[in-house]
Amino acid sequence: MSSSTWRAGVDGDPEQACPIAPVVDLVFSRWTTPILWALHEYGRQRFVELERRLVTITPKVLTQRLRQLERDGLVRRTYHAEVPPRVEYEITELGRSLAPLFAHLAQWSAGHLDRVEQARQDYDARQRPPRGR
(Lines give C-alpha, C1' and ligand atoms only; values in the text may rest on other atoms or scores of the structure.)
Protein backbone atom coordinates (compact mmCIF):
# COMPACT_ATOMS: atom_id res chain seq x y z
CA MET A 1 0.00 0.00 0.00
CA SER A 2 1.40 3.38 -0.91
CA SER A 3 1.78 6.11 1.67
CA SER A 4 -0.52 8.34 -0.40
CA THR A 5 -3.27 5.71 -0.15
CA TRP A 6 -2.71 5.50 3.58
CA ARG A 7 -2.61 9.31 4.04
CA ALA A 8 -5.84 9.78 2.06
CA GLY A 9 -7.63 7.68 4.64
CA VAL A 10 -5.95 9.37 7.59
CA ASP A 11 -6.74 12.89 6.38
CA GLY A 12 -10.37 12.11 5.61
CA ASP A 13 -13.22 10.59 7.56
CA PRO A 14 -11.97 9.05 10.84
CA GLU A 15 -13.90 5.86 10.09
CA GLN A 16 -11.92 5.56 6.87
CA ALA A 17 -8.53 6.13 8.53
CA CYS A 18 -7.61 2.51 7.84
CA PRO A 19 -8.35 1.54 4.23
CA ILE A 20 -8.41 -2.17 5.05
CA ALA A 21 -10.95 -1.85 7.88
CA PRO A 22 -13.95 -2.73 5.67
CA VAL A 23 -12.20 -5.91 4.49
CA VAL A 24 -11.27 -6.87 8.05
CA ASP A 25 -14.88 -6.31 9.13
CA LEU A 26 -16.17 -8.36 6.21
CA VAL A 27 -13.79 -11.30 6.31
CA PHE A 28 -12.73 -11.59 9.93
CA SER A 29 -16.02 -11.32 11.75
CA ARG A 30 -16.73 -14.27 14.04
CA TRP A 31 -17.27 -17.56 12.14
CA THR A 32 -16.68 -16.11 8.67
CA THR A 33 -13.21 -17.54 8.17
CA PRO A 34 -14.06 -21.05 9.46
CA ILE A 35 -17.13 -21.19 7.20
CA LEU A 36 -15.21 -19.97 4.15
CA TRP A 37 -12.34 -22.34 4.93
CA ALA A 38 -14.70 -25.33 5.22
CA LEU A 39 -16.43 -24.50 1.94
CA HIS A 40 -13.11 -23.88 0.18
CA GLU A 41 -11.51 -27.03 1.58
CA TYR A 42 -14.43 -29.47 1.25
CA GLY A 43 -16.53 -27.94 -1.53
CA ARG A 44 -20.31 -27.72 -1.72
CA GLN A 45 -21.99 -28.75 1.52
CA ARG A 46 -25.38 -28.99 3.12
CA PHE A 47 -26.16 -27.06 6.29
CA VAL A 48 -25.83 -30.15 8.50
CA GLU A 49 -22.39 -30.93 7.01
CA LEU A 50 -21.15 -27.45 7.86
CA GLU A 51 -22.66 -27.78 11.31
CA ARG A 52 -20.71 -31.02 11.87
CA ARG A 53 -17.45 -29.44 10.75
CA LEU A 54 -17.90 -26.34 12.93
CA VAL A 55 -18.94 -28.17 16.08
CA THR A 56 -19.18 -25.18 18.43
CA ILE A 57 -21.35 -22.94 16.22
CA THR A 58 -25.08 -22.83 16.97
CA PRO A 59 -27.58 -23.43 14.16
CA LYS A 60 -28.92 -19.88 14.59
CA VAL A 61 -25.48 -18.30 14.23
CA LEU A 62 -24.56 -20.55 11.29
CA THR A 63 -27.77 -19.49 9.54
CA GLN A 64 -27.06 -15.81 10.20
CA ARG A 65 -23.45 -16.01 8.99
CA LEU A 66 -24.39 -17.98 5.85
CA ARG A 67 -27.04 -15.39 4.99
CA GLN A 68 -24.54 -12.56 5.46
CA LEU A 69 -21.92 -14.35 3.38
CA GLU A 70 -24.50 -14.93 0.66
CA ARG A 71 -25.47 -11.24 0.78
CA ASP A 72 -21.77 -10.28 0.54
CA GLY A 73 -21.35 -12.51 -2.52
CA LEU A 74 -18.85 -14.87 -0.87
CA VAL A 75 -21.19 -17.88 -0.60
CA ARG A 76 -23.83 -19.23 -2.98
CA ARG A 77 -26.95 -20.93 -1.64
CA THR A 78 -28.71 -23.39 -3.93
CA TYR A 79 -32.22 -24.60 -3.14
CA HIS A 80 -33.28 -27.90 -4.71
CA ALA A 81 -37.07 -28.32 -4.85
CA GLU A 82 -37.17 -31.98 -3.89
CA VAL A 83 -38.95 -33.97 -1.24
CA PRO A 84 -37.50 -33.37 1.25
CA PRO A 85 -36.06 -30.02 0.08
CA ARG A 86 -32.28 -29.82 -0.15
CA VAL A 87 -30.16 -26.69 0.33
CA GLU A 88 -26.46 -26.56 -0.46
CA TYR A 89 -23.83 -23.91 0.12
CA GLU A 90 -20.64 -23.32 -1.83
CA ILE A 91 -17.95 -20.69 -1.95
CA THR A 92 -18.15 -18.30 -4.90
CA GLU A 93 -15.30 -17.11 -7.12
CA LEU A 94 -15.27 -13.91 -5.06
CA GLY A 95 -14.92 -16.00 -1.91
CA ARG A 96 -12.17 -18.10 -3.51
CA SER A 97 -10.30 -14.92 -4.37
CA LEU A 98 -9.57 -14.59 -0.62
CA ALA A 99 -7.46 -17.78 -0.67
CA PRO A 100 -4.14 -15.95 -1.25
CA LEU A 101 -4.92 -13.62 1.67
CA PHE A 102 -5.63 -16.59 3.94
CA ALA A 103 -2.48 -18.36 2.67
CA HIS A 104 -0.37 -15.30 3.56
CA LEU A 105 -1.97 -15.13 6.99
CA ALA A 106 -1.31 -18.85 7.56
CA GLN A 107 2.32 -18.34 6.52
CA TRP A 108 2.66 -15.35 8.86
CA SER A 109 1.04 -17.36 11.63
CA ALA A 110 3.45 -20.27 11.20
CA GLY A 111 6.43 -17.92 11.23
CA HIS A 112 5.42 -15.52 13.98
CA LEU A 113 2.85 -16.84 16.46
CA ASP A 114 5.56 -18.36 18.62
CA ARG A 115 7.09 -14.88 18.94
CA VAL A 116 3.68 -13.43 19.81
CA GLU A 117 3.25 -16.06 22.53
CA GLN A 118 6.72 -15.32 23.90
CA ALA A 119 5.96 -11.57 23.92
CA ARG A 120 2.75 -12.26 25.85
CA GLN A 121 4.57 -14.36 28.42
CA ASP A 122 7.28 -11.71 28.82
CA TYR A 123 4.67 -8.99 29.22
CA ASP A 124 2.65 -10.99 31.76
CA ALA A 125 5.82 -11.72 33.74
CA ARG A 126 6.61 -7.99 33.92
CA GLN A 127 3.06 -7.25 35.14
CA ARG A 128 3.17 -9.63 38.11
CA PRO A 129 4.11 -8.09 41.45
CA PRO A 130 7.38 -9.40 42.92
CA ARG A 131 6.98 -12.45 45.16
CA GLY A 132 7.61 -12.34 48.88
CA ARG A 133 6.25 -8.87 49.61
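## Helix α5 and its two sides

In helix α5, the buried residues are L62, R65, L66 and L69. These residues lie on the same side of α5, because they cover an arc of only 100° around the axis. An α-helix has 3.6 residues a turn, so residues three or four places apart point the same way. On the other side of α5, the exposed residues are K60, R67 and R71.

The structure described here is a predicted model. Helix α5 runs over residues 59–71, and its 13 residues should span 18 Å at 1.5 Å a residue. The C-alpha atoms at its ends are 18 Å apart, which agrees with that expectation. The partners against which the buried residues of α5 pack are two helices, α3 (32–42) and α4 (47–53), together with β2 and β3 (86–91).

## The nonpolar core

The largest nonpolar core holds 17 residues. Those that touch the most other members are I35, L36, L39, L50, L62, L66 and V75. At least two residues of this core come from each of α3, α5 and β3, and α3 gives the largest share, with four residues. In soluble globular proteins, nonpolar side chains tend to be buried together.

Two of the residues just named, L62 and L66, are also among the buried residues of α5. Another core residue, L39, has contacts beyond its neighbours within four places in sequence: Q45, L50, V75, Y89, E90 and I91.

## The loop after α5

Just after α5, G73 adopts a positive phi of about 85°. D72 is placed in the loop between α5 and β2. The relative accessibility of D72 is 24%, so this residue counts as partly exposed.

When neighbours within four places in sequence are left aside, D72 is in contact with L26 and L94. D72 and V27 are separated by 45 residues in sequence, while their C-alpha atoms are 9.9 Å apart in space.

## Confidence in the model

For the protein chain, the average pLDDT is 88, and 86% of the residues score at least 70. Among the elements of the chain, strand β2 (residues 75–80) has the highest mean pLDDT, 97. Helix α1 (residues 3–11) has the lowest mean, 51. Strand β2 is also one of the elements against which the buried residues of α5 pack.

Key. Residues are numbered from 1 along each chain as its sequence is written. This is a predicted model: local features need pLDDT of at least 70, side-chain atom pairs count only at pLDDT 80 or more; totals for chains, interfaces and linings use all residues. Side-chain values use heavy atoms; hydrogens and water are left out. pLDDT is the predictor's confidence in each residue, from 0 to 100. The expected span of a helix is 1.5 Å times one less than its number of residues. Buried means under 20% relative accessible area, exposed over 50%, partly exposed in between (1.4 Å probe, protein chains only). The arc is that of the directions from the helix axis to the C-beta atoms. Contact means heavy atoms within 4.5 Å. A nonpolar core is a set of buried Ala, Val, Leu, Ile, Met, Phe, Trp, Tyr and Cys residues joined through side-chain atoms within 4.5 Å.
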